[in-house]
Structure formats: C-alpha cells, structure tokens
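Biologist: Hi! Could you walk me through this one while I have it open on my screen?
Modeller: Happy to. Let me bring it up, and then ask away.
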Amino acid sequence: MILTIPGTAISYKEGNENNVYGLIEPVFKATGGLTLAQVREITGLETTTIQNWVKRGWVMKPENKRYKERHVIRIILINSIRGSIQIEKIIRLMEYINGDVEDTSDDLVPDSTLFNLFFKTVWLCQRDNLNGEEEMLRAIENETQGIDYLNSDGKERLSKALLIMTLAYQSSVIRQKAERIINNLL
C-alpha cells in the first residue's frame, strides 16, 4: 500500500484517503507558507529544480519567500508524475486542468481538490488492484460525481487528466522498483 504521499517524503497512514491534503493543510495555516528549504525537505527536490520551475512559470512565484499551498500542491503534483512523463507535457496537463498558473478563475477544481482526487484515485487503484483503463475511469468518475459545480465537459476533462496522472504515477512506481532490482543485480 502507499507508504508516502505521492510526490513527497511525508509518511502516510491509512484513514485519510478522502482528504490527504488535510494532513498538510495545518502546516500552511500555522506558518503562513513554507520556505524553499521546507519545500525541498517535503518533496525531496533540489533547490535548483524548484527555482527552475518557478522561473519557467510552471509554479507561481513565492510570496515574500513563502510557498503557499497552491505553490506546494503544484510542485507535489508535478513531482509525483515526472518520473514517467516529460515535464513539458506535465505542464500542459496542468494547464488542461487549471489553465494559467497565476489565475484561479480558469481552474476546473481547486488545487487542493485535485490533489485529494489524485491521491484517492491512486489509493483506490492500489487497494482494489485496478490496472485497466476502464476500471480506473469508473473509479475516477465515481470520485468526481460529487463535484456539482462542474458540467459534463469539465468532469470528462478532469477524469481524463486524473487517469493520465494515475497511470503516470503507477508507471513511476514500477520504474523505481525495476531500477532498485537492477541496481541490486549489478
């Protein structure tokens, strides 16, 4: 089962599948945002990688040297699937879901909702051993049913994006396992 929250080094214990964001949200409320060093610690990313993503406009610029929840969620989502999809395609996928990184008015769903849906989908696929595209889509559609503010086109876009993200995450996990095994052989 999932040992860490995807895209992070944060340990995960079952029981928060519907609101994994709730596990990290108090940190933002208590601190008003994270420093670059804290984001690096949570994600395992290099400082230069995070700064490069900001410089390229893939992640919003920090506010007063603090990374707010939208910054960190975007970084975590990108990090969780970058092991199997080219970064430029990930950014286009993020834009497909939530448009301009600086503008929340064009978002299909809030970043925290996207984060929760992604985690729940990954968790369900692992728990129920869902490997087929149709099985995954049914699980995703079941999870997105309760989002009343999305029209059918929005739900379809969100479902497709979540399927891609879930497959990419699973692919990254499998790749890491294969690399670990081959490293032990060599």
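**Cavity, pocket and salt bridges**

Modeller: Let's begin on the inside: the lining of the largest cavity consists of 6 nonpolar residues, with no polar and no charged ones. Keep in mind that this is a predicted model.

Biologist: Which residues line that largest cavity?
Modeller: They are Ile-24, Val-27, Phe-28, Leu-34, Ile-42 and Val-72. Helix H1, residues 21–31, gives the most to this lining, with 3 residues.

Biologist: What volume does the largest cavity have?
Modeller: About 30 Å³. The structure holds 1 cavity of 30 Å³ or more.

Biologist: How do you go looking for empty space anyway?
Modeller: Rolling a probe the size of a water molecule over the atoms shows where empty space is left.

Biologist: OK, on to pockets. What is the volume of the largest pocket?
Modeller: About 850 Å³. The elements that give two or more residues to its lining are helix H4 (69–81), helix H6 (111–127) and H8.

Biologist: Which element gives the largest share of that lining?
Modeller: H8 does, with 11 residues. The lining has 28 residues, and those nearest the pocket's centre are Tyr-169, Ser-172, Val-173, Ile-174 and Gln-176.

Biologist: And how many of the pocket's lining residues are nonpolar, polar or charged?
Modeller: The largest pocket has 9 nonpolar, 14 polar and 5 charged residues in its lining. The largest cavity, for its part, has 6 nonpolar lining residues and no polar or charged ones.

Biologist: Changing topic: how many salt bridges are there?
Modeller: The count comes to 7 salt bridges. One of them pairs the side chains of Asp-107 and Arg-70, at 3.6 Å from N to O. This pair links distant parts of the chain: Asp-107 sits in the loop between helix H5 (87–98) and H6, Arg-70 in helix H4, and they are 37 residues apart.

Biologist: Are Asp-107 and Arg-70 buried or exposed?
Modeller: Both Asp-107 and Arg-70 are buried. Arg-70 has another partner too: its side chain meets that of Asp-111 in a salt bridge of 3.1 Å, N to O. Asp-111 is in helix H6 and Arg-70 in helix H4, so this pair ties together parts 41 residues apart in sequence.

Biologist: What about Asp-111, buried or exposed?
Modeller: Asp-111 is buried, as is Arg-70. Through shared partners, the salt bridges join Arg-70, Asp-107 and Asp-111 into one network.

Biologist: Nice. Where do Lys-29 and Glu-25 lie?
Modeller: Both are in helix H1, 4 residues apart, which is about one turn of the helix. Their side chains meet in a salt bridge too, at 3.8 Å from N to O.

Biologist: Why does Lys-29 count as exposed?
Modeller: Because its relative accessibility is 67%, and exposed means over 50%. Glu-25 has a relative accessibility of 25%, so it counts as partly exposed.

Biologist: Back to H6 for a second. Is Trp-123 buried or exposed?
Modeller: Trp-123 is buried, because its relative accessible area is 7%, and buried means under 20%. This tryptophan is found in helix H6. Trp-123 and Asn-18 are 105 residues apart in sequence, while their C-alpha atoms are 9.8 Å apart in space.

Biologist: What about backbone angles? Which phi value does Asn-64 have?
Modeller: Asn-64 has a positive phi of about 55°, although it is not a glycine. Lys-65 also has a positive phi, near 65°, and is a residue other than glycine.

Biologist: Where is Asn-64 placed?
Modeller: In the loop between helix H3 (47–55) and H4. Lys-65 lies in the loop between H3 and H4 as well. Asn-64 is exposed, with a relative accessible area of 76%, and Lys-65 counts as exposed at 72%.

Biologist: Last one: which residues make the nonpolar surface patch?
Modeller: Ile-181, Ile-182, Leu-185 and Leu-186 make that patch, which covers about 490 Å². Leu-186 is in the segment after helix H8 (152–185).

Biologist: How exposed is Leu-186, in relative accessible area?
Modeller: Its relative accessible area is 80%, so Leu-186 is exposed.

Key
Residues numbered from 1 in each chain as written. Predicted model: local features only at pLDDT ≥ 70, side-chain atom pairs only at ≥ 80, totals over all residues. Heavy atoms only, no water. Patch = residues over 30% accessible without salt bridge, like charges linked within 9 Å, V, L, I, M, F, W, Y side chains within 5 Å. Areas by Shrake-Rupley, 256 points an atom, 1.4 Å probe, with all protein chains shown as cover. Salt bridge = Lys/Arg side-chain N within 4 Å of Asp/Glu carboxyl O. Buried < 20%, exposed > 50% of the residue type's maximum accessible area, 1.4 Å probe, protein only. 1 Å grid on protein atoms, 1.4 Å probe; cavity = no way out; pocket = protein on both sides within 12 Å on 5 of 7 lines; lining within 4 Å. Points joined across faces, edges and corners; volume = space filled by probe spheres on them. Nonpolar A, V, L, I, M, F, W, Y, C, P; charged D, E, K, R; others polar.
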